[in-house]
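I opened the notebook for this model with two things to look up: the setting of one residue, and then the arrangement of a sheet with the helices that pack on it.

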Amino acid sequence: MVYISEAHAFDGVSPNTARNAPLVEEPITFEERFAVAGKCMVSLSLKRLPAVVDGIDNQVNRNYQAQPDRMYLVGKDGKIAYAGKRGPRGFKPKELQKAIRKELGLEVLNPQAKVVETPQTEQE
Amino acid sequence: MLRWKLCLHPLSELGLAVLSTQSVILGFSPMLCAATLTLTLLCQQEEPPASSSLAPPPVWEILKEKYDTNHDGKISPKEHKRGADAFANLDTDGDGFLTQADIEAAGDRMKPRPKDRKIRNRLVLAPKVGEVAPDFELRLLILKDVDVEKKEAAKGQAHPQALRLSSFIGKKPVALIFGSYT
């Protein structure tokens with residue numbers, strides 16, 4: 001995960017203050033963004049996923065034109081193996097999944113395959 | 001609106017997942033070879049909930065508690081201190097003060113204002129397939145108990161504070177999923 005500028009900060013250019021929406025001001029310091037990122041990962045039960053936080057200068061966001069969300073796969077050779085289009089319309093996990101499997105030399109999964117849920121357990 | 005469901009087997013060495021405006025179900029399935037794992041993603045677009053006309057959002061309460069230091073019922077730029085852009089975004093009537101009326105007038109809008117040109121800079125092109133991925137070194141978000149961190153540090157297992165993308169070259173592919181809480 002690369003945590004970037006808020007998509008819908010309530011003081012931003014495209015606010016979302018609907019009920020149940022997380023109410024977040026656009027961070028103005030790196031420490032603020034870092035804290036919001038942590039809150040996000042905990043709130044969404046994503047603690048086990050490695051995450052990095054973009055600098056407050058938004059340079060990585062800009063380099064990847066990632067706002068508000070976007071996915072890429074970088075191959076072992078350091079080159080872009082998959083470049084998703086900008087979200088939300090371009091945010092397509094199935095495409096990333098296909099690209100990952102191709103990169104790993106695995107066959108593409110049956111799109112109808114069900115996902116089996118397993119309980120999350122902490123690993124030490 | 002965010003919604004996640006996470007199905008997790010032994011952790012993949014592939015990178016991560018982030019999502020922002022869509023709900024994603026992630027599944028990791030161990031393969032025959034222990035070194036290779038696959039990521040199963042299903043995505044469900046979730047429409048943002050209909051705005052509530054019954055309960056106004058508590059944005060004003062948040063702002064008032066945080067910034068109305070003189071308790072006069074309005075917030076001046078000097079009290080707000082988060083930059084002119086953020087202030088202007090909230091100052092619906094443009095009178096130079098943030099009030100409850102400003103917030104209520106805004107409603108649950110999600111209509112984008114003029115695009116944030118500071119980030120969506122069309123002069124910077126997104127990297128394409130086959131191009132070298134722009135390198136970066138960013139601080140790693142580590143969410144562990146302080147006690148666990150101390151134990152690991154004592155064993156010499158302290159996690160790096162920063163992660164450099166190019167450190168994975170020749171080792172493993174990296175999935176980059178950019179997004180945010182909102």
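Entry 1. I looked up S76(B) in this predicted model and found that S76(B) has a relative accessible area of 15%, so it counts as buried, the cut-off being under 20%. I then placed S76(B) along its chain, where it lies in the loop that runs between α1 (59-67) and α2 (77-80) of chain B. Setting aside the neighbours within four places in sequence, I noted F87(B) and F97(B) as the residues in contact with S76(B).

Entry 2. I turned to the sheet, which is open, has seven strands with mixed pairing, and reads β4(A)-β3(A)-β6(B)-β1(A)-β2(A)-β4(B)-β5(B) in order. At its edges I found β4 (80-83) of chain A and β5 (162-164) of chain B, each of which pairs on one side only.

Entry 3. I followed β3 (residues 70-74) of chain A to its antiparallel pairing with β4(A), which extends over three bridges, and I recorded I80(A) in β4(A) as the bridge partner of V74(A). The hairpin of these two strands, β3(A) and β4(A), has five residues between them, and there G78(A) takes a positive phi near 85 degrees.

Entry 4. I last looked up the helices on the sheet. Helix α3 (residues 93-103) of chain A packs on the sheet and touches β3 and β4 of chain A as well as β6 (174-179) of chain B, and I noted that its direction makes about 5 degrees with that of β3(A).

Terms used
Residues numbered from 1 in each chain as written. Chains lettered and ligands numbered in written order. Predicted model: local features only at pLDDT ≥ 70, side-chain atom pairs only at ≥ 80, totals over all residues. Heavy atoms only, no water. Helix = DSSP H or I, 4+ residues; strand = E, 2+ residues; numbered from the N terminus. Buried < 20%, exposed > 50% of the residue type's maximum accessible area, 1.4 Å probe, protein only. Contact = heavy atoms within 4.5 Å. Pairing = 2+ DSSP bridges. Axes fitted to C-alpha atoms, helices over the stretch in contact; angles between N-to-C directions.
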